[in-house]
Amino acid sequence: MKTSKTVRCMSFLFMFILLFLTTGCADNYIVLDPKGPIGEQQKDLMILSTLLTLIVIVPVLILTFVIVWRYRDRKGRKAKYTPNWEHSTKLEIIWWGIPIIIITLIGIVTVRYTYSLEPSKPLESEKKPITIQVTNLDWKWLFQYPEQGIATVNYVQFPEDVPVRFEVTSDAPMNSFWIPQLGGQIYAMSGMSMTLYLQADEQGEYMGSGANFTGKEFAKMFFTANATSQEDFDQWVNQVKNTSPELTLDGYKELTKQGTSDARYFSAFPEGLYEMTVTKYAASHNHGLSTRVQPPARVKE
Amino acid sequence: MWESVKEFASEFFVTGDPLIYGADVSIVLSMIAIVSVLTYFKKWGWLWREWLTTVDHKKIGIMYILASVLMLFRGGVDALLMRAQLAMPEMQFLSGDHYNQIFTTHGVIMILFMAMPLMFGLFNVIVPLQLGARDVAFPFLNALSFWLFFSGAMLFNLSFVIGGSPDAGWLAYPPYSELAFNPGPGQDFYIWGIQISGIGSLMTGINFIVTILKVRAPGMTLMKMPMFSWSVLSSCIAIVFAFPILTVTLALLFIDRYLGGHFFTLDGGGNPMMYINLIWMWGHPEVYIIVLPAFGIFSEIVATFSRKKLFGYKSMVFAMIIISVLSFLVWAHHFFTMGSGADVNAFFAVTTMLIAIPTGVKVFNWLFTMFRGKITFETPMLWTVGIIPNFVIGGMTGVLLSVAPADFQYHNSYFLVAHFHQVIIAGVVFGFFAGLYYWWPKIFGFKLNERIGRWAFWLWNIGFYLCFMPQYALGLMGMTRRLYTYGWDKGWFEMNLVSTIGAVIMGAAFLVQIWDIAHSIKHMKRDTTGDPWNARTLEWSIPSPAPFYNFAVMPQVTSQDDWHERKLRIEQGLEKPAKVELEPIHMPKNSGIPIVMSMFWFFVGFGLIFDWLWMAVPGFIGVIGCMVVHSFNYDTDYYVTVEEIKRTEAEAGRVIT
Ligand code: HEM
Ligand SMILES: [Cu+2]
Ligand SMILES: [Cu+2]
């Protein structure tokens with residue numbers, strides 16, 4: 001082969017680049033650096049399933065290499081050649097069997113975790129969960145704190161070590177609400193309110209994003225999820241209450257207009273706004289996890 | 001008057017973007033060039049008689065392949081534009097709107113107008129030859145399928161310069177794809193481009209099922225059929241069940257958009273989740289529809305270049321049928337995060353994993369076909385061997401994604417993007433490339449240059465790994481798909497840059513392949529044997545390129561790999577080339593109806609996109625008219641005389657006594 005020298009050069013370069021990639025910047029892998037119980041278990045599951053699949057994959061890769069090398073046609077080859085050998089029940093049972101065993105194992109683990117990590121299942125904790133209602137708008141996230149009575153845009157803060165009950169809906173095309181370091185995402189759909197429990201075990205600012213495409217400025221839908229101490233959180237709530245403007249119904253309508261937004265804070269929001277958002281799209285098709293929300297008696301104008 | 005013309009034009013044509021003006025100019029220039037060349041060389045009649053009206057499966061196959069290569073170019077340019085925009089944070093190359101249109105057209109074109117027709121091209125060129133048949137079961141229908149695909153594809157591509165491209169992703173999830181958020185004609189181009197070509201795909205599926213079940217050579221029982229034909233059968237079964245779902249789903253979306261329905265809208269009780277379920281009931285089988293034939297191709301190539309019988313024939317057949325059935329039971333793995341509850345997620349996670357079992361078995365069978373073989377590495381085999389590790393890794397990440405609770409973290413991220421490109425590029429596209437290199441001499445009568453072919457192979461593979469391995473990493477860094485821009489603060493720069501470099505290398509690889517073809521045409525060495533790889537199945541028993549009636553005499557099949565066995569018997573002197581009695585051959589006549597009817601379909605689609613009933617209604621009447629004309633046409637066949645057969649065979653260097 002005439003090309004082999006160039007090929008060798010190219011593969012060397014290629015290995016070099018791979019090496020460059022795999023070293024350094026390890027702390028960028030935020031999905032593998034979770035800061036909460038849900039993300040933690042999801043990471044364990046990712047690693048476990050990777051290891052289980054590698055039990056098959058690595059031997060197959062080695063086998064491929066060995067077979068291709070050993071049985072290539074060349075002068076003076078000593079390896080056997082059996083042109084009509086086409087069947088072996090024993091061998092076929094082995095390679096139907098191995099994947100079946102591995103898949104059974106992964107399957108059992110998966111089913112178990114599917115139930116235990118069900119996103120609407122409350123987290124075990126002595127502390128009472130805090131509820132945050134999330135609305136996907138074009139192209140920003142609105143967070144409402146029904147217990148504290150404040151609202152924010154593209155910024156969400158909550159205390160560490162306290163389960164957060166996110167209720168998620170949409171007043172725009174379907175999006176997906178995702179804070180990778182705390183745990184997996186859930187779709188934000190109109191006419192439905194989805195429940196997602198997450199918790200931060202450590203203080204810190206985490207990246208949040210919209211994961212499902214919703215149009216022109218979808219790429220600007222990042223937000224900050226800030227886990228702080230309980231005192232800092234209480235203090236922050238007070239500060240927002242005292243210094244920020246109120247979100248009125250008109251203000252909300254303004255927010256639903258297409259456009260991006262920086263972080264914003266509101267000292268109050270119209271009562272029942274979230275429920276109104278969910279129910280205005282005729283909640284005729286509840287399903288699975290989405291909870292039926294009662295329409296508010298009256299929306300404060 | 002002039003004012004209103006100007007106003008119309010500025011809405012009708014896409015304006016304001018230098019890229020698009022460039023495209024306009026090049027489209028017009030190449031049209032002029034094509035028309036003048038045809039006129040200057042007086043080739044219009046030839047084009048019409050030999051190609052546009054042909055019902056010969058080999059020519060139809062070539063047209064499919066040609067169209068798909070053009071689409072690969074268009075889709076590839078889309079890809080490079082996207083990678084250029086993502087090469088660096090805060091790049092100002094494409095705007096959000098433009099980027100969204102490009103990823104949408106890229107996805108649609110690559111799957112529906114590149115992979116599908118490339119696959120249909122290979123079906124057409126090879127399956128009848130492998131079966132020892134003179135044509136497909138329904139040659140007229142076959143031509144119609146091609147032209148429907150072609151007008152669908154042209155309609156879709158037109159959106160680039162007229163009206164504006166769709167921008168809701170290759171599956172057009174509502175409510176974003178509904179009128180409220182997507183008022184322009186782009187989304188309607190999507191609907192009609194796919195609908196029209198989809199009818200063609202469905203008919204091709206039916207055609208090949210009937211062909212495989214009904215027109216095999218005498219003696220070729222199903223269990224003696226070559227593996228590629230088996231893979232085509234399993235793929236076509238999936239087509240026949242899956243494509244009607246697509247047609248209905250898009251029809252409902254069209255009703256929403258055109259007649260103000262509320263199937264999937266945000267308001268009025270619409271339920272977008274219903275669409276997402278429906279589209280994946282088609283979409284998942286679709287990905288297996290395109291990968292199964294690639295499995296068939298690997299099986300043929302591995303056996304030929306290992307000089308050995310395919311290992312575990314029965315297992316292979318069984319695995320493919322299971323895959324094609326199972327592929328209908330896994331669709332919800334595309335939205336584990338839609339909150340359907342643990343019962344649903346557990347069920348679909350398990351069915352998805354089950355698919356990995358037969359897929360894995362096939363890999364083992366290929367490996368053990370090579371085991372104790374005598375392997376040589378001509379380009380088709382090189383691709384096949386290169387694909388194995390690639391596809392194995394892609395399958396592995398598929399299993400990882402199917403772990404439902406973990407998929408909450410992978411879903412919609414670049415990890416997913418890397419997975420499906422790995423199975424689709426390194427499985428499907430590379431597989432079809434392998435098939436093209438392998439059957440090229442049968443189709444065109446000469447081999448492609450091996451040395452340039454090896455360059456293309458290495459460039460494609462290196463480019464592939466560089467482009468997509470970093471994307472797995474990006475997924476784990478939390479980068480979501482379909483972002484048109486990202487900030488410096490995210491730490492995604494390095495991997496994206498490498499990924500873009502990989503994409504550029506793949507672009508270069510494509511050019512090398514085009515050069516390979518040009519070079520091989522220029523320095524063509526005719527293949528006079530008809531069997532340049534010393535292969536095993538019937539298509540290699542006739543001259544290359546195959547004469548228009550394929551087989552001068554119907555082969556009598558007695559075993560699997562019949563041609564290989566026959567060669568052995570002749571070698572051992574057990575069988576003398578038999579004295580044969582030639583008979584006139586019954587052949588279908590050409591017809592202009594398929595192309596005309598598809599043009600009418602084009603007008604139906606275009607009219608409905610712009611709500612011009614004055615165009616859609618006559619178009620529809622034209623379609624019906626074509627059907628009527630065809631059903632009263634009894635002059636559809638003729639006989640090839642023995643003299644002509646003798647002359648044609650002699651020209652191909654075969655003497656028939
Ligand atoms: C071992 C076999 C495979 C398994 C277990 C598997 C599993 C999966 C899963 C679970 C997803 C959804 C991930 C998500 O959206 O979060 C997915 C996506 C996808 N897979 Fe596979 N896969 C396999 C093979 C294939 C093959 C052979 C193809 C194509 C030829 C393919 C094409 C795709 C595509 C196109 C998507 C997603 C496209 C989109 O969302 O736009 N997969 N796969
Ligand atoms: Cu829902
Ligand atoms: Cu799927």
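Guide: Welcome! Before we look around, one term: a cavity is a set of grid points where a 1.4 Å probe fits but cannot get out. Keep in mind too that this is a predicted model.

Visitor: Thanks! So how many cavities of 30 Å³ or more are there?

Guide: The count comes to eight cavities of that size. In the largest cavity there is about 170 Å³ of space.

Visitor: And which residues lie nearest the centre of the largest cavity?

Guide: Those are B:Pro226, B:Met227, B:Glu300, B:Leu310 and B:Asp561, out of 17 residues in the lining. Helix H9 of chain B, residues 272-306, gives the most to that lining, with four residues.

Visitor: How does the lining of the largest cavity split by class?

Guide: Seven of its residues are nonpolar, four are polar and six are charged.

Visitor: OK, what volume does the second largest cavity have?

Guide: About 90 Å³. Its lining has 12 residues, and the ones nearest the centre are A:Thr114, A:Leu117, A:Glu118, A:Pro119 and B:Phe408.

Visitor: Which helix gives the most to the lining of the second largest cavity?

Guide: Helix H13 of chain B does, with three residues. In chain B, helices H11 (342-370) and H13 (404-410) each supply at least two residues of this lining. As for class, the second largest cavity is lined by seven nonpolar residues, four polar ones and one charged.

Visitor: Let's switch to the metals. Which residues are the protein donors of the copper ion?

Guide: Three histidines: B:His284 through ND1, and B:His333 and B:His334 through NE2. They lie 1.8 to 2.0 Å from the copper ion, which is ligand 3. If you look along the sequence, the spacing of these donor residues is H-x48-H-H.

Visitor: Where in chain B do B:His284 and B:His333 sit?

Guide: B:His284 is in helix H9, while B:His333 is in the loop between helix H10 (313-326) and H11. The two are 49 residues apart, so to speak a link between distant parts of the chain.

Visitor: And the iron atom of ligand 1, what is its protein donor?

Guide: B:His419 is the only one, with its NE2 atom at 2.3 Å from the iron atom. You can find B:His419 in helix H14 of chain B, which covers residues 414-444.

Visitor: How many Å separate the iron atom from the copper ion?

Guide: The iron atom of ligand 1 and the copper ion are 4.8 Å apart.

Visitor: New topic: chains A and B. How many residues are in contact?

Guide: On one side 97 residues of chain A, and on the other 103 residues of chain B. The area buried between chain A and chain B is about 9,000 Å², and carbon and sulfur atoms give 74% of that. In chain A, the residues that lose the most area to chain B are A:Trp95, A:Trp96 and A:Phe213, together 8% of what that side buries.

Visitor: How many salt bridges cross that interface?

Guide: The rule finds one across the interface of chain A and chain B. The side chains of B:Lys309 and A:Glu86 meet in a salt bridge, at 3.9 Å from N to O.

Visitor: Last thing, the backbone. Which residues does a cis peptide bond join?

Guide: One cis bond joins B:Pro174 and B:Pro175, with omega about 0°. B:Pro175 is in the loop between helix H6 (139-158) and helix H7 (186-214) of chain B. Another cis bond runs from B:Ser544 to B:Pro545, with omega near -15°, and B:Pro545 is in the loop between helices H16 (493-522) and H17 (562-571) of chain B.

Visitor: Why point these out?

Guide: Because most peptide bonds are trans, and most residues other than glycine have a negative phi. On phi, look at A:Asp161: its phi is positive, about 60°, although it is not a glycine. A:Asp161 sits in chain A, in the loop between strand E4 (155-159) and strand E5 (164-170).

Key:
Residues numbered from 1 in each chain as written. Chains lettered and ligands numbered in written order. Predicted model: local features only at pLDDT ≥ 70, side-chain atom pairs only at ≥ 80, totals over all residues. Heavy atoms only, no water. Donors = N, O, S within 2.8 Å, 3.2 Å for Na, K, Ca; no water. 1 Å grid on protein atoms, 1.4 Å probe; cavity = no way out; pocket = protein on both sides within 12 Å on 5 of 7 lines; lining within 4 Å. Points joined across faces, edges and corners; volume = space filled by probe spheres on them. Nonpolar A, V, L, I, M, F, W, Y, C, P; charged D, E, K, R; others polar. Contact = heavy atoms within 4.5 Å. Buried area = accessible area lost by both parts, 1.4 Å probe. Salt bridge = Lys/Arg side-chain N within 4 Å of Asp/Glu carboxyl O.
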